[in-house]
Amino acid sequence: AALMARLVTQMMEDGYSPSATENVISLAAQLSNFMEVRAVVTYDERTGEAFLEDRSRHVAKTALKSTEIFIARLNAAFRGEGFLICMKRAVPESLPDGLESLLSRYVSECRNHALRVSSIEKYERICRVFLKELADDGVENASEMTTAAISKACLRVSSNYYFSAIRTFLR
């Protein structure tokens, strides 16, 4: 319990998003239940491996990835190696004021459409990556967003998964 409290506190201090912190709290509760059912009193790395193996039979690969990160973090903290940084942070990359304003308007529009908080966070994070690519090419506001600049930024976006959110943002 003390190790989990330390982990959550460290995440909050490092500016991790509320949804990332909530995910760790949820995984901690699941790990605690796993240990209780198996009468394990003290966490060790073998317990983490068994928990990960058990989860691999019951969850999707994407959920398993977050469990792997959680266990790696817990093991590093358990060994006294410090905090592993491997999830999204709430502290965003800075953008030029014009692009930051554009993103703020988009996020407000998402809220007006009553989207879930986690969805809004995801869209904002994806659009921030895209806008950062535009800013790196010298685009500072919406009026400078040409088809060529948008195409160039899209080519540098790291995941095809982002394109749906970017397309919605550009509308």
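Reader: Is Phe169 buried or exposed in this structure?

Author: The model is a predicted one. Buried residues have under 20% relative accessible area. Phe169 has a relative accessible area of 9%, so Phe169 counts as buried.

Reader: How many aromatic pairs does the structure hold?

Author: One pair joins the rings of Phe34 and Phe51. Another joins the rings of Tyr106 and Phe169. The number of aromatic pairs in the structure is two.

Reader: Which arrangement do the rings of Phe34 and Phe51 adopt, given planes at 65 degrees?

Author: The ring centres of Phe34 and Phe51 are 5.4 Å apart. Planes over 60 degrees apart count as edge-to-face. Since the planes of Phe34 and Phe51 stand at 65 degrees, the pair is edge-to-face.

Reader: How many residues apart in sequence are the parts that Phe34 and Phe51 tie together?

Author: Phe34 is buried at 6% relative accessibility, and Phe51 is buried at 2%. Phe34 belongs to helix H2 (residues 18-37), while Phe51 belongs to helix H3 (residues 45-56). The pair therefore ties together parts whose separation in sequence is 17 residues.

Reader: In which helix does the partner of Phe169, Tyr106, lie?

Author: The rings of Tyr106 and Phe169 have centres 5.1 Å apart and planes at 90 degrees, so this pair is edge-to-face. Phe169 lies in helix H8 (residues 163-170), 63 residues from Tyr106. Tyr106 itself is found in helix H5.

Reader: What is the relative accessible area of Thr67?

Author: Thr67 is part of helix H4 (residues 61-78). Beyond its neighbours within four places in sequence, Thr67 contacts Leu27, Phe51, Leu52 and Arg55. Thr67 is buried, and its relative accessible area is 0%.

How values were computed. Residues numbered from 1 in each chain as written. Predicted model: local features only at pLDDT ≥ 70, side-chain atom pairs only at ≥ 80, totals over all residues. Heavy atoms only, no water. Phe/Tyr/Trp six-rings, centres within 6.5 Å; stacked < 30°, edge-to-face > 60°. Helix = DSSP H or I, 4+ residues; strand = E, 2+ residues; numbered from the N terminus. Buried < 20%, exposed > 50% of the residue type's maximum accessible area, 1.4 Å probe, protein only. Contact = heavy atoms within 4.5 Å.
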